Amino acid sequence: MSAKKGNFPTTDLDTKKEVAKIGMATSLAIVTATSVYMKNRLMKNLHIGAGFALIGFSVWHHMLYQPSKAVKSPLPPRPKPKTLALGHVYTEVILKEKASKRDVRLLKETLGNLCKESGTQAVHLLVDTQLIKELEIWQGFVTLLKEDERIAKIAIFGDETLPSGELLAKNVRYFHTYLEAKAWAS
């Protein structure tokens, strides 16, 4: 147990618990012994000081028995069931007015993670285009849909005027209502 200048030596938890117990026992003995001589000023001050020490050692002793707040390691990954296979995964995408190219790239990563977690290779998408205003974002999204082989079915509802000719190789349909699009895609 060597200490550097300005640092206290480190001790193990069991040693700290023993020191706390000895401190509690000693201060309790002093409180008990001085309680008979309370009329003497020195004994009264010693009694009060020992009482505070007893409280301090008791709190310290209590804190030593609390579970440590060490960083817990993340849970191990769930094993994928070998007897269950999903045919496809259904998800919804809402293209908003302020969508960016970064959002499209993030969607591609998210779809990859979704397939990986579910153990499937097919995704059915429902795409809400009601809020999209920029054709450039739609074109980036269409490029993603066209290139991503995991996307098997695409239901689009909202703005029917958005060009989707590049998606003809995919199973794509436009719908007027959300419920129709969801029923077809899921």
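H1 passes H2 in a left-handed crossing. The contact between H1 and H2 involves 15 nonpolar, 7 polar and 3 charged residues. This is a predicted model.

**The helix pair**

Two packed helices are described by the angle between their axes and the distance between the axes. H1 covers residues 13-34, and H2 covers residues 41-64. Their axes lie 8 Å apart, at an angle of about 155°. Angles over 145 degrees count as roughly antiparallel, so H1 and H2 are roughly antiparallel to each other.

**Two residues at the helix pair**

Lys16 sits in helix H1, and His61 sits in helix H2. The table sets out their accessibility and contacts; residues up to four places away in sequence are not counted as contacts.

| Residue | Helix | Relative accessible area | State | Touches |
|---|---|---|---|---|
| Lys16 | H1 | 31% | partly exposed | Thr11, Trp60 and Leu64 |
| His61 | H2 | 17% | buried | Lys17, Ala20, Lys21 and Met24 |

Buried means under 20% relative accessible area, and partly exposed lies between that and 50%. His61 has 17%, so His61 is buried. Lys16 has 31%, so Lys16 is partly exposed.

One partner of Lys16 is Trp60. Lys16 and Trp60 are 44 residues apart along the chain. Their C-alpha atoms are separated by 9.1 Å.

**Strand E2 and its neighbour**

Strand E2 spans residues 123-128 and is mostly covered. Of its 6 residues, 6 are buried. In a regular strand the side chains alternate between the two faces of the sheet. In E2, Val123, Leu125 and Val127 point one way. His124, Leu126 and Asp128 point the other way. Residues of both sets are buried.

E2 pairs with strand E3, residues 151-157, through 6 bridges. The two strands run parallel. Val127 of E2 has Ile156 of E3 as its bridge partner.

**The whole chain**

The protein has 5 helices and 4 strands. Along the sequence, their order is α-α-β-α-β-α-β-β-α. The protein has 186 residues, of which 27% count as buried. Among contacts with a separation of 6 or more, 67% come from residues 24 or more positions apart.

Terms used. Residues are numbered from 1 along each chain as its sequence is written. This is a predicted model: local features need pLDDT of at least 70, side-chain atom pairs count only at pLDDT 80 or more; totals for chains, interfaces and linings use all residues. Side-chain values use heavy atoms; hydrogens and water are left out. Buried means under 20% relative accessible area, exposed over 50%, partly exposed in between (1.4 Å probe, protein chains only). Two strands pair if DSSP finds at least two bridges between them. Contact means heavy atoms within 4.5 Å. Axes are lines fitted to C-alpha atoms, for helices over the stretch in contact, and angles run from 0 to 180 degrees between N-to-C directions. Angles under 35 degrees count as roughly parallel, over 145 as roughly antiparallel, 65 to 115 as roughly perpendicular and the rest as oblique. A crossing is left-handed if the near helix is turned anticlockwise from the far one by less than a right angle, and right-handed if clockwise. Ala, Val, Leu, Ile, Met, Phe, Trp, Tyr, Cys and Pro count as nonpolar, Asp, Glu, Lys and Arg as charged, and the others, Gly among them, as polar.
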